[in-house]
Structure formats: structure tokens, C-alpha cells
Amino acid sequence: MFIPNSLDIDEIFEDLSKIIGKENVISDLSTRIIYAQDPMPYELEEHNIPILVVRPACAEEVSKILKYANEKNIPVHVRGAGTSLVGVARPKTNAILIDLKRMSNIKVYPDRGYFEAGPGARLWKVREELAKYNSILPAFPGSERVATLGGVISSNTSAHAVDAALGKPGDFVLGLEIVLPTGEIIETGTESTRRPAGIELTKLFIGGEGLFGIITKIRMRLVPGIYVKNLVAYYKDVDTILSTVVDMYRNMVPPPLFFEFVDENAAKVGFEAVGLDEPPGPVVMITMHDWVEEGVNEKAKIFLNFLKSKDIIKAKIVEDEDEWRKIWRSRSEVGNFLNRKGVVAGSEISPRIDKLKDAYYEAKDLKNKLEAYKTPQFFSFGHIGAPTIHANYLIPFEVSNDVRKKFVIEVRMKTEEINIKYGGCGGEWGLTAQRIDFIKKKYGKVYYETLKKIKAVLDPNNILNRGNLEGWW
């Protein structure tokens, strides 16, 4: 294990204990290994394991840790809940790992029109607190029981939500408290509900994935509560679903909050898992929203008529809440099934709308062109209305770790080529770590070098999340 400047773990432990207390510095190997884990389906290597795990309680403690790390030239890796699907959560080099879970306070200011929360606040707790004030959190990941607000803002993911419906979570951020990589603490943004115009540093850290600073407080505008109506549609084939999405945008049909689909293979698995009858083909799940009940009822009727204008088997508004919970849960059950069945390399393709069909069929055909493992099974489900294609390639558990890693890398590289070909980008999973080649190919050398220059100005010793911008696997 790499320990800089001839320091040993015991010495670093003692130094950090003086900053945040011994009870908040973790040195045992098993815990450090747990903190290095993420959803990637290949094994950890020694350089992924953190030197120590620290749990600061405030910006001032984070600041002292970073100043110490700069002084001793020790890398620092910041982590939320570790649910990122593109390798951002896994340290790329032995580092002090900062766990922000103690910074989980939530305070709502209804008379000011915003709330403030720590980066370690779990999304479900934030949502629960906001509901007391008839407000919603504009981010909807499936992992919200464990995912943190800091992670959502650092990746700027809207998850299930269609961007055209509510926008990104970052659109509602009014300001941030940031600890820069060198330890200085800055405040950005405003306490007004009108966000600043012009140059404003908040935008640099939203979606920054911990490269440019550590978020220690988030201020977000309160979003009024919404009414929702759920719809389900059963299709003959995926091609008609893709046409539905394209026509929705082409004809300016009001976009739904959620527009999910499961292909025919995934639908059978998911419906069986939740106790529903086998569907006749691929399935679409849609949630309409509005701020008034009459409005959402009207939108649901409009969208139902739009669906029925397509060549589908049937579509309906789902009034029974228990039925909807089962239909919605069937989508997540597909992922559970695949992870029990074998090794899954998943990818996210968010193409230009008019190229949705081309991108989907190239992703599907890719299973016949992979070299690391021949002809894996293909399953697709996810946020098709965003539009996002979640392409999943399944191979047996029995393959070696070396094959697993090569397989995941090849899937990511080749699906990113589809993104580049059809004007797409990472709409949900972020850009760094496993997407550096994508950045270079899509945006060019000058773009990538500009990112490195910004990083070098803010983090001259390359202390924070070292390896993510370099693209280490």
C-alpha cells in the first residue's frame, strides 16, 4: 500500500484523530474494504483500498483534513453512499476516504422559499421532511433509501425523472458551501429564490463529481408538491415504443415525469417477480404530474389518447395504487434478477431524440460484436422517455475476474461510441472515471485539457479524488 513521505498508518491515524476524534477515524481493514466497494462487477485491487476512513462533522473539520493532506501529500477520496454506476465511488489510489454521513442535517425555511441540508442527508429523509411543507425533492433515483443529497448534486442526476419535465436537481440549487481541495471554505450563490445571473461558481461544483471541491452544505429552492397520475401501456414490440418517444417530442406532447420501459424479456421477468400475469410484450410505465389535480387528470387523458393513437395492445390509467406499486416495482426486479443471474455490464446511452431507434438497435446488436465474451444476453429497461437507453449485457458468474473487467470496459467503450455517434452524453451517471476516453473523443483535446487546468488551479497537488479525471479503472 502506498504511504507517502514515509508516514505510517498509525501516524496518520493519530494526526487525524487530533482533528476529528479517534472515534471518527477508522483503520480496520475490513471496514476500509467495505468503503472501497461499489457496484462494479469486478474485484477490488490493493490500490483501491483507502488508507483510513474519516467521518468529519462539519466544513471546518473537512478543511483541516484537506490542509493536512496537502501538507503530507496524501490523496483524499470523498464518498457519498457509493451507488454510482460508473466507478466514481471506488478510490483510484490509496487515499484518506472522507465519509460525509455525519453531515446529514436538514432545515426547511418555508418563509424563505428554500431548504438547507448536509451532503450526507439521505434522499428519503429529505423527501420525508419536505413533505411536511407540501414540497418535493426534484430527484428520483431508485437507490434513494441509501443515496445522499451530496451525491445527487455532485453528479447532477435526475435519475428516473425526464429532464424535460422538471429539469435537473442542479436547476434548483441556490447556493453551496464548498471546501476547496486546498482547505479554504467558500460560500456560493444566494439566499434569494432568484438565482444569480452571469459568472457564478455554484455551477462549477454541481455535477463536478468531487473533482473541484467537497460540498458541505446545499441550499435548494422549495418545489411545490405535485399531483400524479400513473399509466401503463402494453406494446407489441420495442420499435413502437421508440416511435412513441420520438413522436412525443416531435408533436410537443407534454412530457411525463417518468417514462420507463422494459423490453419483452425484462417484462416477463419483472412481472413474474411481483406476482402479475405475464405481459403480452414490452411494457411502458408513465407518471404524469401537475401542480393542480384537475391539471394532472387532463394531462393523463391527453397522454392516454396519445398512446392509443399508436399501434399498441392496450393502455390505461392505473387507478389502483397496489396494482401500480407492483407494475412499478417490476422494473427494479429486473435488475435484481440480472444481478442474481450473472455478471452485468450496464451502460447508459442518451442519444439525440431523432436517433433513438438507431442507437437502440446498435446497442442491441453490440452483443454480437463483443470480444471479451461472445454473445452475452441482452436486456434493456429504463428511462426511455428521457430519452435514455439502459443497455445491459449479461454473462455467467463463472468467468474470471480478468474477463469481467475486460467485458465491462469493452461494453462501456463501445456504448460510448454509440453516444458519440448519435449526439448523446451521460444524462444520469456522470462523466468522469470511466468516461475520460469519451470526453476526449466527443469534446476534443482542448476541452479535456481545460478541465485539467481548472483542476490544477483549484487542486495544485492533485489531492482530491485523484485518478477520476485521469480515467483510471
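Me: Before I look at the sheet in this predicted model, when do two strands count as paired?

Reply: Two strands pair if DSSP finds at least two bridges between them. With that in hand, you can follow the open sheet here, whose seven strands come in the order E15-E12-E14-E13-E17-E18-E16, with antiparallel pairing.

Me: Which strands are at the edges?

Reply: Look for strands that pair on one side only: these are E15 (312-318) and E16 (343-349). From one strand to the next, the twist averages 20 degrees.

Me: Could we look at one pair? How many bridges join E17 and E18?

Reply: Four bridges join E17 (residues 377-382) to E18 (residues 389-395), in the antiparallel sense. To place yourself in this pair, find Phe 378, which stands opposite Tyr 393 in E18.

Me: And which strands does helix H13 touch?

Reply: Helix H13 (residues 401-421) packs on the sheet and touches E16 and E18. The direction of H13 makes about 15 degrees with that of E16. Another helix to find is H10 (residues 293-308), which lies across E12, E13, E14 and E15 and runs at about 10 degrees to E12.

Me: Now the second largest pocket: which residues lie nearest its centre?

Reply: Those are Ile 206, Gly 207, Gly 208, Leu 431 and Tyr 447, from a lining of 23 residues. Helices H14 (436-443) and H15 (445-458) are the elements that give two or more residues to this lining, and H15 gives the most, with three. The pocket holds about 470 Å³ of space.

Me: What classes of residue line this pocket?

Reply: Its lining has 12 nonpolar, eight polar and three charged residues. Domain 2 (106-224) and domain 4 (341-428) each supply at least three residues to the lining.

Note on methods
Residues are numbered from 1 along each chain as its sequence is written. This is a predicted model: local features need pLDDT of at least 70, side-chain atom pairs count only at pLDDT 80 or more; totals for chains, interfaces and linings use all residues. Side-chain values use heavy atoms; hydrogens and water are left out. On a 1 Å grid over the protein atoms alone, a cavity is a set of points where a 1.4 Å probe fits but cannot get out, and a pocket is an open set with protein on both sides within 12 Å along at least five of seven lines; lining residues have an atom within 4 Å of a point. Grid points are joined across faces, edges and corners, and a volume is the space filled by probe spheres set on the points. Ala, Val, Leu, Ile, Met, Phe, Trp, Tyr, Cys and Pro count as nonpolar, Asp, Glu, Lys and Arg as charged, and the others, Gly among them, as polar. Domain bounds come from an automatic or database domain assignment. Axes are lines fitted to C-alpha atoms, for helices over the stretch in contact, and angles run from 0 to 180 degrees between N-to-C directions. Contact means heavy atoms within 4.5 Å.
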